Amino acid sequence: MNKLDHYALAAGLFRAHKDGKAVTRLTKTHPELPLADAYRVQDLLLERHLEAGDRLVGRKMGLTSRPKMQQMGVHEPIHGFLSGSMQIPDGGEIPLRGRIHPRIEPEIAFVMRRELRGRPSLAEALDCVEGVCAALEIIDSRYENFEFQLPDVVADNGSSSGFVLGGKLRKPGAVDLANLGILVEVNGQPRLFGSSAAILGHPGRSLTALAALLDESGRSLPPGSVVLAGAATAAIPLEAGAWVRASFQGLGTVEARCSG
Ligand code: OOG
Ligand code: MG
């Protein structure tokens with residue numbers, strides 16, 4: 001394997017993000033890139049964002065449902081970070097300028113009231129939740145053709161590019177999270193249907209999986225964090241002027257419009 005320079009790899013991905021220009025995936029030059037090294041690159045990427053004045057607001061899980069795994073050809077859940085500058089208000093505009101090949105997907109978001117640590121059960125993890133809401137995630141791989149292998153997408157922060165949280169925060173016990181119907185409309189036309197059951201059988205399992213992944217490196221999730229559970233459906237490419245709305249049974253709607 002070529003010698004690994006984690007800093008250089010993180011700097012390259014940071015530049016690709018800033019310039020809105022795709023780069024060659026890391027596994028082309030490092031075919032055996034270990035997952036632990038890919039997460040190290042992601043951590044250094046986060047440092048670059050923080051140095052540039054951004055702040056850490058939460059985490060995202062990715063590839064937690066079969067539709068997503070099938071679309072991307074990667075079959076293992078991953079996590080990434082969410083930063084303050086990624087957030088777009090509900091009903092707000094998604095700037096397409098500076099993005100490479102953005103896609104959008106419906107998400108369920110958790111807002112944590114207590115620290116999530118160790119290896120919690122589903123009930124213990126849900127007990128740490130302040131509220132749950134409808135969300136949208138904008139993903140934008142920094143790799144050419146939106147193609148990657150597991151270590152590539154981990155290093156590239158799970159393709160994170162933006163997120164929108166719906167207005168209403170519900171108590172996790174107030175809705176049956178295990179099987180919520182999901183509808184995604186683009187320009188008023190139904191485009192995708194799904195169920196929250198596709199997310200590891202219950203979106204709360206994204207929290208237990210995230211806790212376990214963070215615990216591997218001795219970390220936890222602080223109170224106040226936002227967590228995206230991972231999309232239950234495939235992602236939709238974004239086009240100029242497109243208006244996207246996702247509706248979740250029991251959680252309400254969330255929407256955003258792309259710049260023209
Ligand atoms: C990887 C990100 C996956 C999800 O919700 O599954 C993700 C990708 O599809 O580029 O965010
Ligand atoms: Mg996602």
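On a 1 Å grid over the protein atoms alone, a cavity is a set of points where a 1.4 Å probe fits but cannot get out, and a pocket is an open set with protein on both sides within 12 Å along at least five of seven lines; lining residues have an atom within 4 Å of a point. Grid points are joined across faces, edges and corners, and a volume is the space filled by probe spheres set on the points.

The model is predicted: local features need pLDDT of at least 70, side-chain atom pairs count only at pLDDT 80 or more, and totals for chains, interfaces and linings use all residues. Residues are numbered from 1 along each chain as its sequence is written, chains are lettered from A and ligands numbered from 1 in the order in which they are written, and side-chain values use heavy atoms, with hydrogens and water left out.

**Exercise 1. State how many cavities of 30 Å³ or more the structure holds, and describe the largest cavity.**

Step 1. The structure holds two cavities of 30 Å³ or more.

Step 2. The largest cavity contains about 130 Å³ of space. Its lining has 18 residues, and Lys60, Leu63, Lys68, Ile139 and Gly158 are the ones nearest its centre.

Step 3. At least two lining residues come from each of E1, H4, E5 and E6, where helices (H or I, at least four residues) and strands (E, at least two) are DSSP runs numbered from the N terminus. E1 gives the largest share, three residues.

Step 4. By class, the lining has nine nonpolar, four polar and five charged residues. Here Ala, Val, Leu, Ile, Met, Phe, Trp, Tyr, Cys and Pro count as nonpolar, Asp, Glu, Lys and Arg as charged, and the others, Gly among them, as polar.

**Exercise 2. Locate ligand 1 and describe its surroundings.**

Step 1. Ligand 1 sits in the largest cavity, that is, more than half of its atoms lie within 2 Å of the grid points of that cavity.

Step 2. The elements that give two or more residues to the shell around ligand 1 are strand E1 (56-62), helix H4 (66-72), strand E5 (103-112) and strand E6 (129-139). With three residues, E1 provides the largest share of this shell.

Step 3. Around ligand 1 there are 17 residues, of which Lys60, Leu63, Glu105, Ser159 and Ala231 come nearest; a residue counts as near if one of its heavy atoms lies within 4 Å. The shell divides into eight nonpolar, four polar and five charged residues.

Step 4. Polar contacts are pairs of N or O atoms within 3.5 Å. An oxygen atom of ligand 1 is 2.8 Å from an N or O atom in the side chain of Lys68, and for the side chain of Glu105 the distance is 2.8 Å. For the side chain of Glu107 it is 3.0 Å.

Step 5. The protein covers 100% of the 320 Å² of accessible area that ligand 1 has on its own, by the Shrake-Rupley method with a 1.4 Å probe.

**Exercise 3. Describe the second largest cavity.**

Step 1. About 60 Å³ of space lies in the second largest cavity.

Step 2. Its lining includes Leu13, His17, Phe81, Arg142 and Asp156. Helix H1 (6-19) and H3 each supply at least two lining residues.

Step 3. The classes are four nonpolar, four polar and two charged.

**Exercise 4. Describe the largest and the second largest pocket.**

Step 1. The largest pocket holds about 320 Å³ of space. Of its 19 lining residues, His17, Lys18, Ser85, Arg99 and Ser161 lie nearest its centre, and the lining has five nonpolar, eight polar and six charged residues.

Step 2. The second largest pocket holds about 160 Å³. Helix H3 (35-51), strand E2 (78-83) and helix H7 (204-216) each supply at least two residues of its lining, which divides into six nonpolar, two polar and three charged.

Conventions
Polar contact = N/O pair within 3.5 Å; in protein donor to acceptor, adjacent residues only side chain to side chain.
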